[in-house]
Amino acid sequence: MIRVIQRVGLAAAILFIPHGLWGQLTPAEKVPWVGDMPATLPPLATDLSPALTHKNVSHAMQKVADWQLARAEPGFSQDWTFAALYTGFMAVPKAANGEKYQKAMLQMAQKFNWQPGPRVSNADDAAIGQTYLDLYFRHHDRAMLAPIREREDAVMALPDDPEKPLWWWCDALFMGPPVFTKLSRAASDRKYLDFMDHQWWITSGLLYSPSSHLYFRDKSFLEKHEANGSSIFWSRGNGWVFAGLAKVLAEMPKDYPSRAKYVTQFKEMAEELAGLQGTDGLWRPGLLDADAYPLPENSGSAFFVFGFAYGINSGILDRAKYQPVVEKGWKGLLSHIYEDGRLGCIQPVGAAPGDYVAGSSYVFGTGAFLLAGSEVYRLAH
């Protein structure tokens, strides 16, 4: 009972901390298209197989993507919640009807005139730039590039205050750095990569635990603990970072001076996360107190599967050691897909481990699942 009370107290104190700001949820985070927790659900899907074949992986991705696109497209916005979904749509392979989703992304980008969100200093509002840049790489229209380049030039002109890091919460390492690494390639200008590198290690120095090999969500968590006395390391927060590392490494030149530091951190996190995987293949909201959380958290879990699979595909992680982690994780994710394509067990918007119901589904978790699927597809046969 004490454990439950402590967890509920933590959730009550933190549940409504938005992604990048302290306070109430922003209007963009409240819209119904972002996600929900319905009381009535269809049965779980019975047409999915965890066997790693291209056919099986494609079918699972398309089932989830079709449901999410039909549900969310009317509410598309420039918010981080949708930006994470967009990256997943862009990653769907052609065999899983990827062209359909990428066409929807082009229409979305045109609707917003290739503009990021309004807050210059907040990485959440630049995260949509990942999709703009991926579309630029496909279509090579400089008009697609100009607004996000203008935004990131403005970010680079902000004062560099060590007391107020630009990316002060760990989630920002998924939102911001991949935009800079992609922009560096698109603009053929290393200054964007160098800026990202400088800021990454400021955030890492503040939030990365060299002993636990995990990230605190922000500095307010440095002295907070789970009911079992362990430090609070949020599953989705670390999922954002692990996926962000994978995205940065995918763009970073092999000869970049500090690349080895990213590889080292990626390997350290992989080793730690593999040891925390549940028997169902998934990870709980609080990584170091799994027994306190009855349900897995599928946005964090999907980001982990994406990172592990990317690591294997890129040659960074040992296949023999980590492919079983991917296979268990993918199987676990599939077990939470409903007959209509909904992916459940996704924690709502928040900033710390919290409670939710099995049918809870949010767009950023679907984006993570599609990213995972894109790399699992590369592993499949």
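This passage describes four helices and two buried residues in a predicted model.

Helix α6 spans residues 129-139. Nine of its eleven residues are buried, so the helix is largely enclosed by the rest of the structure. The buried set runs through G129, Q130, T131, Y132, L133, D134, L135, Y136 and F137. These residues pack against several helices: α4 (80-91), α5 (98-111), α7 (142-156), α8 (172-175), α9 (177-187) and α11. H140 follows α6 and has a positive phi, near 55°.

One of the partners of α6 is α4. Two packed helices are described by the angle between their axes and the distance between the axes. Here the axes of α4 and α6 come within 8 Å and cross at roughly 25°. Angles under 35 degrees count as roughly parallel, so α4 is roughly parallel to α6. On the α4 side, the contact is made by A83, Y86, T87 and M90. On the α6 side, Q130, T131, D134, L135 and R138 take part. By class, this contact has four nonpolar, three polar and two charged residues. Among the α6 residues in the contact, Q130, T131, D134 and L135 also belong to the buried set of that helix.

Helix α9 is also mostly covered, with ten of its eleven residues buried. The buried residues are P177, P178, V179, F180, T181, K182, L183, S184, A186 and A187. Their cover includes α6, α7, α8, α10 and α11. Helices α6 and α9 thus pack against each other, as the partners of α6 include α9 and the cover of α9 includes α6. Just after α9, S188 takes a positive phi of about 50°.

Within α9 lies L183. Its relative accessibility is 0%, so L183 counts as buried. Leaving aside residues up to four places away in sequence, L183 touches L133, L145, I148, R149, E152, S188 and Y192. Of these neighbours, L133 is a buried residue of α6, and S188 is the residue with positive phi just after α9. L183 and R378 stand 195 residues apart in sequence. In space, their C-alpha atoms are 25 Å apart.

Helix α12 covers residues 259-275, 17 residues in total. From its first C-alpha to its last it reaches 25 Å, close to the 24 Å expected at 1.5 Å a residue. Its buried residues are R259, Y262, V263, Q265, F266, M269, A270 and L273. They cover an arc of only 165° around the axis, which puts them on the same side of α12. An α-helix has 3.6 residues a turn, so residues three or four places apart point the same way. The face turned away from the buried side carries the exposed residues A260 and G275. The buried residues of α12 pack against both helices and strands. The helices are α10 (191-207), α11 (235-251), α13 (298-313) and α14 (319-334). The strands are β2 (208-209) and β3 (214-215). Helix α11 appears in this list, among the partners of α6 and in the cover of α9.

The other buried residue considered here sits in a loop. Q347 is placed between α14 and β4 (361-362). At 2% relative accessibility, Q347 counts as buried, since the cut-off is under 20%. Residues up to four places away in sequence aside, Q347 touches W234, R236, P285, E297, A352, P353, G354, Y356, Y362 and F364.

Definitions and conventions:
Residues are numbered from 1 along each chain as its sequence is written. This is a predicted model: local features need pLDDT of at least 70, side-chain atom pairs count only at pLDDT 80 or more; totals for chains, interfaces and linings use all residues. Side-chain values use heavy atoms; hydrogens and water are left out. Helices (H or I, at least four residues) and strands (E, at least two) are DSSP runs, numbered from the N terminus. The expected span of a helix is 1.5 Å times one less than its number of residues. Buried means under 20% relative accessible area, exposed over 50%, partly exposed in between (1.4 Å probe, protein chains only). The arc is that of the directions from the helix axis to the C-beta atoms. Contact means heavy atoms within 4.5 Å. Axes are lines fitted to C-alpha atoms, for helices over the stretch in contact, and angles run from 0 to 180 degrees between N-to-C directions. Angles under 35 degrees count as roughly parallel, over 145 as roughly antiparallel, 65 to 115 as roughly perpendicular and the rest as oblique. Ala, Val, Leu, Ile, Met, Phe, Trp, Tyr, Cys and Pro count as nonpolar, Asp, Glu, Lys and Arg as charged, and the others, Gly among them, as polar.
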